[in-house]
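This report is meant for a reader who is meeting the structure for the first time. Please keep the sequence and the model in view while reading.

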Amino acid sequence: MTERILIVEDDQAMREMLSEILNDSGYQTLAVLDAAEALKMIRDDRAVLDLVITDVRMPGVKGDEILANARACRAETPVLVITAFGTVEHAVEMVRAGAYQYITKPFHMTELLNAVAEALERTAPLREQARLRREMPSAPRRIIGASRPMRNLLDLIARSAQSNSTVLITGESGTGKELVAQAIHDLSGRNGQFVPINCSAIPADLIESELFGHTGQAFTGAKQARAGLFETADRGTIFLDEIGDLPLAVQPKLLRALQEGAIRRVGTNAEQRVNVRVVAATNRDLEEEVGEGRFREDLFWRLNVIHLQVPALRQRPVDIPLLVDHFINKASELSRRPPLDVSPETLAILTAYSWPGNVRELENAIERAIALAPGAGLTPNDLPDRIRNSGGSAAFIARSSERHLTLREIERDYILETLRKTSGNKTRAAELLGLDRKTLYRKLDEYRDEEAT
Ligand SMILES: Nc1ncnc2c1ncn2[C@@H]1O[C@H](COP(=O)(O)OP(=O)(O)OP(=O)(O)O)[C@@H](O)[C@H]1O
Ligand SMILES: [Mg+2]
């Protein structure tokens, strides 16, 4: 396969010479003088680039930025820096920042060709991996859920993916907010990246430059200009996780970015247009935060254009067996072993538990159980104590463990048990089960028919 090399060089003679020599040696070249165009190519994850050769000093975008973007968007692609006498110090700094090697002008062509061949050879396995990843169809991540609230949510996800409006995702910890954000991006057809940032994990004084980037001289310690995550997410989606923790001082800047579709790097007033879909999430009550003066009301409304609420797992117990199945299959695929059976009693305990940590807690419990399970099946003994001893609905569990029940029978028992708890109030039972009333009626009819035969 012919390797594709991107040459970024504003000096025409140099650019043409590099192209010619590399072409003669059997490489495909793309030579650009305009660094902005180079950035576009580097950030386009469908573009195949096996190596980048860049000049250090160019008008407009600098070699630094080419390098930073290549490192961020395609870590597998080596960057060679060509530098004139007098900028060697700078080139050394670029090697520290991840450039593969620097070559000083004037250089001998064999020197350049050797460097290119070596860089390509060393990075071949990485580039191969990246190629496979690119060619894999990006299947929307699977969100498991058949309960009514989850079906409603899936429907809203599909519909909101079609628009560019800002989405605010709320829900308890571990309910799957990030998964929902990814699904929106996957289904949106936007071809940029999905860029997540956790607003609570970044020190308040760095968050602005993390989001919007900074110029070289913006603050002490900021030696090199750096693109922010909004730029990385251009044509893609930025996911602002834990948005409730965004410092008040940064909130107006985010608001401006949302309203104007443009950002300013820290240290400059120059605006830069970006095409970014914004999805935010929080497990706090943002309206309450607004009331307490910790969150700007205007920003809240700007974020809350489409609101998706991810239901807690305890509000949709009918999804639990499906999720258990899903996580067991996932684990067995990873370990290349046949999926473990779950004993009915185990499944009954899992279904009756209240899951304060939601799907994440369930996933962890299954992973742990699989790691500890000595045999071919999962038993209550493989579950963490807090779950095994949670009591759940003891009668229900005892009954289901008496004989070998099928998943369907467990579901039936669970539904009937819930109906007993609500003294036959079907609306209330449907609510507790996370089922719509129609489905509950249908199931009850089926159970009646079965008993009759
Ligand atoms: N409906 C679902 N189907 C399959 N996997 C799920 C589902 N919901 C959550 N998960 C899995 O559970 C784990 C936790 O989900 P995620 O990180 O999206 O939760 P979160 O709401 O962002 O949590 P937190 O508020 O703590 O950040 C992930 O591994 C995710 O893949
Ligand atoms: Mg999360």
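## The sheet of β1 to β5

The model is a predicted one, and a good place to begin is an open sheet of five strands, which are ordered β2-β1-β3-β4-β5 and pair in the parallel sense. Its edges are formed by β2 (28–32) and β5 (101–104), each of which pairs on one side only. Direction ignored, neighbouring strands in this sheet are turned by 20° against each other on average.

At the β5 edge, strand β4 (residues 79–83) runs parallel to β5 and is joined to it by four bridges. Within this part of the sheet, isoleucine 82 stands opposite isoleucine 103 of β5.

## Helices beside this sheet

Helix α2 lies across β1 (4–8) and β2, and its direction is at about 150° to that of β1. Helix α3 also packs on the sheet, where it touches β1, β3 (51–55) and β4, and its direction makes about 160° with that of β3.

How do α2 and α3 lie relative to each other? Helix α2 (residues 35–43) and helix α3 (residues 63–73) pack at an angle of about 10°, with 9 Å between their axes; because angles under 35 degrees count as roughly parallel, the two helices are described as roughly parallel to each other. On the α2 side the contact is made by Ala35, Ala38, Leu39, Ile42 and Arg43, and on the α3 side by Glu65, Ile66, Asn69, Ala70 and Cys73. Sorted by class, this contact of α2 with α3 has seven nonpolar residues, one polar residue and two charged residues.

## Helix α1 and the glycine after it

Helix α1 (residues 12–24) has 13 residues, which should span 18 Å at 1.5 Å a residue, and the C-alpha atoms at its ends are indeed 18 Å apart, so the expected and computed values agree. Just after α1 comes glycine 26, which takes a positive phi of about 95°.

## The sheet of β6, β7, β8, β11 and β12

Another open sheet of five strands has the order β7-β8-β11-β6-β12, and its pairing is parallel. The strands at its edges are β7 (194–198) and β12 (306–309), each pairing on one side only. Here, too, the average turn between neighbouring strands is 20°, with direction ignored.

Inside this order, strand β6 (residues 167–170) pairs with strand β11 (residues 277–282) in the parallel sense over four bridges. Isoleucine 169 stands opposite alanine 281, which belongs to β11.

## Surroundings of ligand 1

Which residues are the closest to ligand 1? They are Ile144, Gly176, Lys177, Glu178 and Val359, out of 16 residues that surround the ligand. The elements giving two or more residues to this shell are α7 (177–188) and α15 (358–372). By class, the shell has four nonpolar, eight polar and four charged residues.

## Two backbone details in loops

Most residues other than glycine have a negative phi, and most peptide bonds are trans. Against that background, lysine 105 and proline 106 are joined by a cis peptide bond, with omega at about -5°; proline 106 has its place in the loop between β5 and α5 (109–135).

Arginine 235, a residue other than glycine, has a positive phi, near 65°. Arginine 235 is found in the loop that lies between α9 (229–232) and β8 (237–241).

Technical notes:
Residues are numbered from 1 along each chain as its sequence is written. Chains are lettered from A and ligands numbered from 1 in the order in which they are written. This is a predicted model: local features need pLDDT of at least 70, side-chain atom pairs count only at pLDDT 80 or more; totals for chains, interfaces and linings use all residues. Axes are lines fitted to C-alpha atoms, for helices over the stretch in contact, and angles run from 0 to 180 degrees between N-to-C directions. Angles under 35 degrees count as roughly parallel, over 145 as roughly antiparallel, 65 to 115 as roughly perpendicular and the rest as oblique. Two residues are in contact if their C-beta atoms, placed from the backbone, lie within 7 Å. Ala, Val, Leu, Ile, Met, Phe, Trp, Tyr, Cys and Pro count as nonpolar, Asp, Glu, Lys and Arg as charged, and the others, Gly among them, as polar. Two strands pair if DSSP finds at least two bridges between them. The expected span of a helix is 1.5 Å times one less than its number of residues. A residue is near a molecule or strand if its C-beta atom, placed from the backbone, lies within 6 Å of it.
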